[in-house]
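Colleague: I'm new to this one and would like to know what stands behind the words people use for it. Could you take me through them?

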Amino acid sequence: MSPFILVGGALLVDALLGDPETPLHPVRLMGRLAAAIEGIARRAARRGGRRDAPEAEPRARTGLVVRGALAWACVVGISAGTAALLLWLARLAGAALGGALGKAPAPGARIGEGLAAILLVYVSIAPRDLAKHALRVRRALRDGGLEEGRKAVSMIVGRDVERLDEAGVVRACIESVAESAVDGVVAPIFWALTLGPIGAVAYRAINTLDSSWGYRDERYLHFGRVAARADDVANWLPARLGFLAAILAALILGRDAGGAARIGWRDRRKHESPNAAWLEACFAGALRVRLGGPAWYGGERLGKPFLGDDLRPVEIADIGRSVALMYTTALIFAAAGAGIATLVAAVLAR
């Protein structure tokens with residue numbers, strides 16, 4: 001299948017349908033699978049008489065890391081294997097339908113597999129859902145005031161929202177859009193173009209496991225270590241390529257493209273994640289605002305660094321501007337990536 005049709009079709013379906021709100025959504029199923037396999041791994045550890053705490057002896061900590069790695073491999077493997085099975089079944093169904101209609105089975109098989117591939121990539125991306133949540137914050141601030149804005153932004157950030165003023169709500173929302181542009185849009189498109197729909201689904205499983213296990217608390221410090229590191233690796237190149245696409249997006253939208261490039265490069269390492277600040281800092285530069293800074297989590301104030309320069313105060317309209325940047329970045333990245341993938345395929349086919 002043409003890379004343009006694969007990612008273009010997935011983006012089109014997402015624009016038309018959005019993220020399906022159903023318990024059977026693949027990401028929710030991945031979360032349930034992760035919880036089930038984690039439970040199995042921890043019960044097996046308890047039956048083996050091992051303590052399940054980070055302060056335990058080095059051998060026990062190593063055991064936690066190993067069990068976490070095996071659990072991670074199970075979830076990713078089952079997710080990728082299920083995607084492969086669905087593609088195979090779609091190919092068989094397409095061939096059978098083509099035969100029933102008196103047509104050659106091969107074209108029907110390709111169509112069936114192609115439609116399944118588009119749907120698998122579609123459920124791995126979430127630009128419309130990301131935009132919906134961000135614009136809900138904008139609408140809440142405009143129509144309901146600060147308290148409604150805090151409620152809306154609490155759905156997409158983990159910080160203590162009751163301490164945020166209006167500018168803090170806007171900044172938190174923009175930061176969420178910029179950071180999620182990597183793992184919700186750019187990275188799954190990258191892996192779809194690189195490894196096909198199975199790669200997109202495997203990436204979504206990797207990202208889901210990071211959200212489930214990638215914490216540094218007592219429960220997951222060791223068990224979730226592989227999940228956290230794997231997500232960093234999977235996002236490393238997409239975040240940097242997405243940075244280039246975001247600069248071009250800023251230029252197309254008439255934002256400060258020079259500031260996006262300069263601030264994005266200068267502040268790219270000002271985050272505990274090796275990938276998150278690339279687009280957050282780029283968005284800050286493009287909008288000529290300052291993001292980041294100290295924030296409260298669970299009643300504790302964390303001294304996070306600032307991203308960008310305080311050239312002007314943030315305003316509610318910046319939420320819509322950040323959504324436009326996210327969408328334009330996604331389209332540029334998808335088009336450029338599909339073009340490169342097509343060129344590489346043509347060269348290799350010679």
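Modeller: Sure, starting with burial: a residue is called buried under 20% relative accessible area, exposed over 50%, and partly exposed in between, using a 1.4 Å probe and protein chains only. Keep in mind that this is a predicted model, where local features need pLDDT of at least 70, side-chain atom pairs count only at pLDDT 80 or more, and totals for chains, interfaces and linings use all residues. Residues are numbered from 1 along each chain as its sequence is written, and side-chain values use heavy atoms, leaving out hydrogens and water.

Colleague: Is isoleucine 332 buried or exposed, then?

Modeller: Its relative accessible area is 16%, and the cut-off for buried is under 20%, so isoleucine 332 counts as buried. You'll find isoleucine 332 in helix H11, residues 317-349. Helices here are DSSP runs of H or I with at least four residues, strands are E runs of at least two, and both are numbered from the N terminus.

Colleague: What does isoleucine 332 touch?

Modeller: Leaving aside residues up to four places away in sequence, isoleucine 332 touches Ala245, Leu248, Ala249 and Ile252. Contact means heavy atoms within 4.5 Å. The C-alpha atoms of isoleucine 332 and alanine 246 are 8.2 Å apart, with their positions 86 residues apart along the chain.

Colleague: Why is the protein chain called as compact as a globular protein of its length?

Modeller: The globule rule is 2.2 Å times the number of residues to the power 0.38, and the radius of gyration is taken over C-alpha atoms. For 350 residues the rule gives 20 Å, and the chain's radius of gyration is 22 Å, which is close, so the chain is as compact as a globular protein of that length. The chain has eleven helices and four strands, and 49% of its 350 residues count as buried.

Colleague: On to helix pairs. Why are H8 and H10 called roughly parallel?

Modeller: Angles under 35 degrees count as roughly parallel, over 145 as roughly antiparallel, 65 to 115 as roughly perpendicular, and the rest as oblique. The axes of H8 (residues 225-252) and H10 (residues 276-287) cross at roughly 15 degrees and come within 9 Å, so the pair is roughly parallel. Axes are lines fitted to C-alpha atoms, for helices over the stretch in contact, with angles from 0 to 180 degrees between N-to-C directions.

Colleague: Which residues make that contact of H8 and H10?

Modeller: Among them are Phe243 and Ile247 of H8, and Trp278 and Phe283 of H10. The residues of this contact divide into ten nonpolar, one polar and one charged. Nonpolar takes in Ala, Val, Leu, Ile, Met, Phe, Trp, Tyr, Cys and Pro; Asp, Glu, Lys and Arg are charged; the others, Gly among them, are polar.

Colleague: And what makes H3 and H8 oblique?

Modeller: H3 and H8 pack at about 55 degrees, with axes 7 Å apart. That angle fits the oblique class, so H3 and H8 are called oblique to each other. Val65, Ala69 and Trp72 in H3 meet Arg225, Val226, Ala227 and Ala230 in H8. By class, this contact has six nonpolar, no polar and one charged residues. Valine 65 also touches His222.

Colleague: How do you know that H7 and H8 are oblique?

Modeller: The axes of H7 (residues 166-213) and H8 cross at roughly 135 degrees and come within 9 Å, so H7 and H8 are oblique to each other too. Their contact has 17 nonpolar, three polar and three charged residues.
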